[in-house]
Amino acid sequence: MTKANFFVAFMLVPVLVLGLMMGACEESSDTLNTTSTLDPAPKSTAQEPQSNYDYVIVDTGQKTCYDNSVAITYPEEGEAFYGQDAQYAGAQPNYRDNGDGTVTDLNTGLMWQQDPGEKMTYDEAVAGADTFNLAGYNDWRLSTIKELYSLIEFSGLDPSGYEGNDTSGLIPFIDTDYFVFEYGDESAGERIIDSQYASSTKYVNTTMNGDETVFGVNFADGRIKGYGLEIHGSEKTFFVMYVRGNTDYGVNDFVDNGDGTIIDNATGLMWPQTDSGEGMAWEEALEWVQEMNEENYLGYSDWRLPDAKELQSIVDYTRSPTTTNSAAIDPVFECTSIIDEGGEMNYPFYWTSTTHANMMGGGSAIYITFGEALGWMQSPFGGDYTLMDVHGAGAQRSDPKIGDPDDYPYGYGPQGDVIRIDNFVRLVRGGDNEVVTGSSAPEENLSEKWPSGRPPQSGTPFEGGLPGREPGQGGMPGGMAPPQEAINVCSDSSEGTPCEFESPRGTVIGTCMKLEDECICVPEGGPPRGGP
């Protein structure tokens, strides 16, 4: 890893990474602090459903605001990064443990199997629903992808890249106060993130090299992807939680209002019929929403960037570019077509207001694929990369919030996920969302999440540097060299020495860290104070 790319990664991460990487430096404190925007809502055990809609979209549970890299206090209206997920409170997660192996979601009316038990093949999952009997009920079914996604909570942290084997301090994307959850079994050759839950929703097309594909939610890393039913010549296995009740959940009821807006009577959400018509970075997307509100777009001034669960609610999983020659959305909507990375006609990725936080901070945001979820795949034996639909139209993935897509010629990750960064926007308004006000935020102590303020370190996290961070391999947008001031201030200092210098964005306070053959001042807690 080059010094330039290493520094950029650190400029984009919160103090958590500093804690991870200080193995060679003196530890100055066992408790690290970051900034949170809202105390978690108290767990409720017996409230009435919070909406009369048939299709209640439960809040994502994200309580922290982020800039392009780290946690920040609530932005005010008119400021950069205003209007993101944490600033709108929808129907808060609200479960009841029935004490009989089932959990009822009091928002959606769905009753869930509490413990998924052992993994099973997809055929076993489908067949098992017919004979499954729990708590005296025999009308269980394998959930649709929209039903399953109702359980996701983006208070989780993506552990991708963590190389330890102690998962006790990791934070999954499902409420473990109510549901039994396990990370992947490394002793069986799995990765920590191998915690995919199968749905009944099959992709109407195929992925990879013609694989039959089913959509699933990964509650370990917080994504929807299409999974082939076979892996390495054997049937792939999944966790499964059967569900019962409210068969109307996930069924849209769109009405064209004839004024450029579409109302979904199932959810109470209103959408513009058209999208932004062009792509933009995440911060620009939030700014564009504010501009539309200033213009009273389509007669309304309370539009917002939809959160991940709101946007996923309008995916039409019966459609795909190949099978219906359309985006995966009801034809009542207009969807801008694009020319994709392979020179073919396709449809965009769409930003959400939800940050996809990981152990290195909040540098990525979630998007939904209404066109193919493309990736660059290379043969195990090397050779050329092939662009293919790796996860299906309707997948939920994430992109860096800023950067140059040209730095990722073959995408990111094991499936070479295409990186666009300049994604499209579709606005939303209405529903049960309330604006969360306030400009100050209480501090959140990371020691409440991890002992000593750091994630578990059995093994060597990020051994050999931050994983996957070289240009072209899906790392942080990079190529930027550290400012000379950051080098100068530590030129005569040893590792672990406090440092301070002035940058165009304000005063940087940090710690001298050894990068290659010299110490460089790495900021504590992310970008310097006094920035725009």
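**Helix α5, the cores and the cavities**

Start with helix α5, residues 282-294: its 13 residues should span 18 Å at 1.5 Å a residue, and its end C-alpha atoms sit 19 Å apart, so the two values agree. The model is a predicted one. Along α5, the buried residues are Trp282, Ala285, Leu286, Trp288, Val289, Gln290, Met292 and Asn293. Part of the cover over these buried residues comes from β2 (65-66), β22 (349-355) and β23. As for the pattern of such positions, an α-helix has 3.6 residues a turn, so residues three or four places apart point the same way. After α5 comes Asn296, with a positive phi near 55 degrees.

Stepping back to the whole protein, there are eight helices and 32 strands. Of its 532 residues, 57% are buried. Among contacts with a separation of 6 or more, 68% join residues 24 or more positions apart.

Now for the nonpolar cores. The largest holds 58 residues, and Trp112, Leu151, Phe179, Val217, Phe219 and Phe370 are the ones that touch the most other members. At least two residues of this core come from each of α4 (145-149), β11 (213-218), β19 (269-272), α6 (308-312) and β23 (364-369). The largest share, three residues, is supplied by α4. Another core, of 26 residues, lies apart from the largest one and includes Ile263, Ala285, Phe349 and Tyr367. Ala285 is also on the list of buried residues of α5. Back in the largest core, Phe370 has a long list of partners: setting aside neighbours within four places in sequence, Phe370 is in contact with Leu311, Ile314, Val315, Ala327, Ala328, Ile329, Tyr347, Pro348, Tyr350 and Ala393.

Asn346 is a polar residue placed in strand β21 (residues 345-346). Its relative accessibility is 1%, so Asn346 counts as buried. Beyond its neighbours within four places in sequence, Asn346 is in contact with Pro321, Ser337, Ile338, Asp340, Gly371, Glu372 and Leu374.

What about empty space inside? Rolling a probe the size of a water molecule over the atoms shows where empty space is left. Here the count is three cavities of 30 Å³ or more, and the largest cavity has about 130 Å³ of space. Its lining is made of 16 residues, with Ile57, Thr267, Gly431, Asp432 and Asn433 the closest to the centre. By class, that lining breaks down into seven nonpolar, five polar and four charged residues.

Gly431, one of those closest to the cavity centre, lies in the loop between β27 (429-430) and β28 (434-435). With 27% relative accessibility, Gly431 counts as partly exposed, because the cut-off for buried is under 20%. In sequence, Gly431 and Ile57 are 374 residues apart, yet their C-alpha atoms are 8.7 Å apart in space. Apart from neighbours within four places in sequence, Gly431 is in contact with Thr267, Gly268 and Leu269.

Finally, a look at backbone angles. Most residues other than glycine have a negative phi. Met208, not a glycine, nevertheless has a positive phi of about 50 degrees. Met208 sits in the loop between β10 (196-202) and β11, and at 24% relative accessibility it counts as partly exposed. Asn325 is also not a glycine and has a positive phi, of about 55 degrees. The loop that holds Asn325 runs between α7 (321-324) and β20 (338-339). Asn325 has 55% relative accessibility and so counts as exposed.

How values were computed. Residues numbered from 1 in each chain as written. Predicted model: local features only at pLDDT ≥ 70, side-chain atom pairs only at ≥ 80, totals over all residues. Heavy atoms only, no water. 1 Å grid on protein atoms, 1.4 Å probe; cavity = no way out; pocket = protein on both sides within 12 Å on 5 of 7 lines; lining within 4 Å. Points joined across faces, edges and corners; volume = space filled by probe spheres on them. Core = buried A, V, L, I, M, F, W, Y, C linked by side-chain atoms within 4.5 Å. Buried < 20%, exposed > 50% of the residue type's maximum accessible area, 1.4 Å probe, protein only. Helix = DSSP H or I, 4+ residues; strand = E, 2+ residues; numbered from the N terminus. Contact = heavy atoms within 4.5 Å. Expected span 1.5 Å × (residues − 1).
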